[in-house]
Amino acid sequence: MNMPNKLTTLRVLLVPLFVFFLLLEHGQNHTFRMISLLIFVVASLTDFIDGRMARKHNMVTDFGKFMDPLADKLLVCSALICLIDLDAIPAWMVVVIISREFIISGFRLVASDNGVVIAASYWGKFKTTFQMIAVILMILDIPVLAPATAACTWIALILTIISLVDYIAKNYQILLKGDI
């Protein structure tokens, strides 16, 4: 369990704490909302740090390749589901985003059954970055930033679809070879 993997694990462990503070008092308490924002930002930064550290110090592991994207999905999807409840994002957008995550997770499971680990692509990393920025802006809920929030949300949605198409195009042979 190297440091990047510990950071990934920390990100997973921060998710329930983040959800708790974001939904406390239905997101109406500014202090709790800012605590949830701080937790989300720290968790998001661990994503940047663990990947960079793993690549720079040659600490890339199969655990990291599998768990890092899963931890991102858990963090972002939890946030988006909570933000539906707080009327910050339409449910249909979240359904599209989460559907993509299930499809990619399915690909990864089939790949791992065939001894292949599918690492995150650049499209997936851009998608995650914009999703995290959009979530931060939605948690902040500053009216003057509403156009930027909407733009980041739409960009994240578009990147979600592009990254899905990219994964399928690059990895469809895994499904063909797999025992489905």
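**Figure 1. A nonpolar patch on the surface of the predicted model**. Ten side chains make up the patch: Trp92, Val96, Tyr122, Trp123, Phe126, Trp154, Ile158, Ile161, Ile162 and Val165. Together they have about 1,000 Å² of accessible area. Three elements give two or more residues each: α4 (91-113), α5 (122-140) and α6 (146-177). The top contributor is α6, with 5 residues. The structure is a predicted model throughout.

**Figure 2. The Trp92–Trp154 ring pair in the patch**. The model holds 5 aromatic pairs by the ring-centre rule. One of them joins Trp92 and Trp154. Their rings lie 5.8 Å apart, centre to centre. The planes meet at 55°, so the pair counts as tilted, between the 30 and 60 degree limits. This pair bridges distant parts of the chain. Trp92 belongs to helix α4 and Trp154 to helix α6, 62 residues away. Trp92 is partly exposed because its relative accessible area, 46%, falls between the 20% and 50% limits. Trp154 is also partly exposed, at 43%.

**Figure 3. Trp123 and Phe126 on helix α5**. These two patch residues form an edge-to-face pair. The ring centres are 6.4 Å apart, with 85° between the planes. That angle is over 60 degrees, which is why the pair is called edge-to-face. Both residues lie in α5, 3 residues apart, about one turn of the helix. An α-helix has 3.6 residues a turn, so residues three or four places apart point the same way. Trp123 is partly exposed, with a relative accessible area of 35%. Phe126 is partly exposed too, at 45%.

**Figure 4. A lysine over a tyrosine ring**. Tyr122 is one of the patch residues. The charged end of Lys125 sits over the Tyr122 ring. The distance to the ring centre is 5.4 Å.

**Figure 5. Contacts across the sequence at the patch**. Two C-alpha pairs show how separate stretches of chain come together here. Phe126, in helix α5, is 30 residues from Ala156 in sequence. In space, their C-alpha atoms are 8.2 Å apart. Val96 lies in helix α4. Its C-alpha is 8.3 Å from that of Ile161, although 65 residues separate the two along the chain. Val96 counts as partly exposed, at 30% relative accessibility.

**Figure 6. Helix α4, from its buried residues to its end**. This helix has 23 residues. From first C-alpha to last, α4 reaches 33 Å, close to the 33 Å expected at 1.5 Å a residue. Its buried residues include Met93, Val94, Ile97, Ile98, Ile104, Phe107, Val110 and Ala111. Charged side chains are on the buried list as well: Arg100, Glu101 and Arg108. By contrast, Trp92 and Val96 of this helix are partly exposed, and both belong to the nonpolar patch. Just after α4, Gly115 takes a positive phi of about 75°.

**Figure 7. A phenylalanine cluster**. Phe20, Phe21 and Phe32 are joined into a cluster. Ring pairs make the links. None of these three is named among the residues of the nonpolar patch.

Notes: Residues are numbered from 1 along each chain as its sequence is written. This is a predicted model: local features need pLDDT of at least 70, side-chain atom pairs count only at pLDDT 80 or more; totals for chains, interfaces and linings use all residues. Side-chain values use heavy atoms; hydrogens and water are left out. Patches are made of residues with over 30% relative accessible area and no salt bridge: like charges are joined within 9 Å, nonpolar side chains (Val, Leu, Ile, Met, Phe, Trp, Tyr) within 5 Å. Accessible areas come from the Shrake-Rupley method with a 1.4 Å probe; for residues, only the protein chains shown count as cover. A salt bridge is a side-chain nitrogen of Lys or Arg within 4 Å of a carboxyl oxygen of Asp or Glu. Helices (H or I, at least four residues) and strands (E, at least two) are DSSP runs, numbered from the N terminus. Rings of Phe, Tyr and Trp (its six-membered ring) pair if their centres lie within 6.5 Å; planes under 30 degrees apart count as stacked, over 60 as edge-to-face and the rest as tilted. Buried means under 20% relative accessible area, exposed over 50%, partly exposed in between (1.4 Å probe, protein chains only). A charge sits over a ring if NZ of Lys or CZ of Arg is within 6 Å of the ring centre and within 35 degrees of the ring normal. The expected span of a helix is 1.5 Å times one less than its number of residues.
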